[in-house]
Amino acid sequence: MSLPARASLMEASVTVADYNKDGYGDLTLGSRRGGGSGGAVYILPGTSTGPSGSARTITQSTSGVPGTPESGDYFGSDVSAADTDGDGYPDLAIGVPGEVVGDSLFRAGGLTVLRGGPSGVTGTGARWYDYGTPGIEGETSDDAWLGNSVQLGDFNRDGRAELIASAPEAWRVHVLPGTASGPTGMNSVMLTTVSFGSPSPTRLWGTLAD
Ligand SMILES: [Ca+2]
Ligand SMILES: [Ca+2]
Ligand SMILES: [Ca+2]
Ligand SMILES: [Ca+2]
């Protein structure tokens, strides 16, 4: 098993899901410092003998993936997989907490969800979420770091995973419901550290455990 030369596993995140439903789990590594600039996600498809020797690289320059690779994006800061739209194929959430939003909102951050399917994870049907997404509460600011940690899980057991994302410097966690078209900002819920019982707002640099 090998990774591209510019892969970096420093501060890497990892998840496994069978994106193409061939019966083999596909190893997924988020490399926020990889890809040469901006970060990368590597997928090593599962085989009968374990993870494939050749990794697929996904960055913001991959066809269909929202955004443009820029130094400091931290694409791949965290990854999480589950079926968000109920089509039976697991989908992949990728945090991009260093993304500049608009012209100037430095490290406001955001996240993307890529769809799984018969060809594995592709850019087809990809969605992007940030503080400009309708329904996501909270004003946009520099250094919110939205997407520093992400998690997909079907908490209400309707067959579609909810999307949870932290914005540590803004003291927030957002929960976006899963729908037939994937997670949506509409009817999303914003929690803060005060919601969790902290007497005052506290930064949330912890990791959402998969
Ligand atoms: Ca597979
Ligand atoms: Ca970018
Ligand atoms: Ca799906
Ligand atoms: Ca659900």
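Helices, of at least four residues, and strands, of at least two, are taken here as DSSP runs numbered from the N terminus. On this basis the predicted model contains zero helices and 14 strands. Along the sequence the protein accordingly reads β-β-β-β-β-β-β-β-β-β-β-β-β-β. The radius of gyration is 16 Å, close to the 17 Å given by the globule rule for 210 residues, so the protein is as compact as a globular protein of that length. Along the principal axes, the C-alpha atoms occupy a box of roughly 50 × 40 × 30 Å.

Of the 210 residues in the protein, 46% are buried. Among contacts with a separation of 6 or more, 53% join residues 24 or more positions apart. In soluble globular proteins, nonpolar side chains tend to be buried together. In the present model, the largest nonpolar core comprises 44 residues, and the most contacts inside this core belong to Val41, Leu92, Ala93, Ile94, Leu111 and Leu146. Two or more core residues are supplied by each of strands E3 (40-44), E7 (79-82), E8 (91-96), E9 (110-115), E10 (122-129), E11 (150-153), E12 (162-167) and E13 (172-176). The greatest contribution is that of E3, with five residues.

Ala93, one of the residues with the most contacts inside the core, was examined further. With residues up to four places away in sequence left out, Ala93 touches Val79, Ser80, Leu111, Val113, Val150, Leu152 and Leu163.

Ser80, a partner of Ala93, is located in strand E7. Ser80 has 29 C-beta neighbours inside 10 Å and therefore counts as buried, the cut-off being 20 or more. Beyond its neighbours within four places in sequence, Ser80 is in contact with Thr15, Ala93, Val150, Gln151, Leu152 and Asp210. Val150 and Leu152 thus appear in the contact lists of both Ala93 and Ser80. Gly64 is separated from Ser80 by 16 residues in sequence and by 19 Å in space, C-alpha to C-alpha.

Val189 belongs to strand E14, which spans residues 189-192. Val189 is partly exposed because 13 other C-beta atoms lie within 10 Å, a count between the limits of 12 or fewer for exposed and 20 or more for buried. The C-alpha atoms of Val189 and Gly135 are 8.8 Å apart, although 54 residues separate the pair in sequence.

Notes. Residues are numbered from 1 along each chain as its sequence is written. Chains are lettered from A and ligands numbered from 1 in the order in which they are written. This is a predicted model: local features need pLDDT of at least 70, side-chain atom pairs count only at pLDDT 80 or more; totals for chains, interfaces and linings use all residues. A nonpolar core is a set of buried Ala, Val, Leu, Ile, Met, Phe, Trp, Tyr and Cys residues joined through C-beta atoms within 7 Å. Two residues are in contact if their C-beta atoms, placed from the backbone, lie within 7 Å. The radius of gyration is taken over C-alpha atoms; the globule rule is 2.2 Å times the number of residues to the power 0.38.
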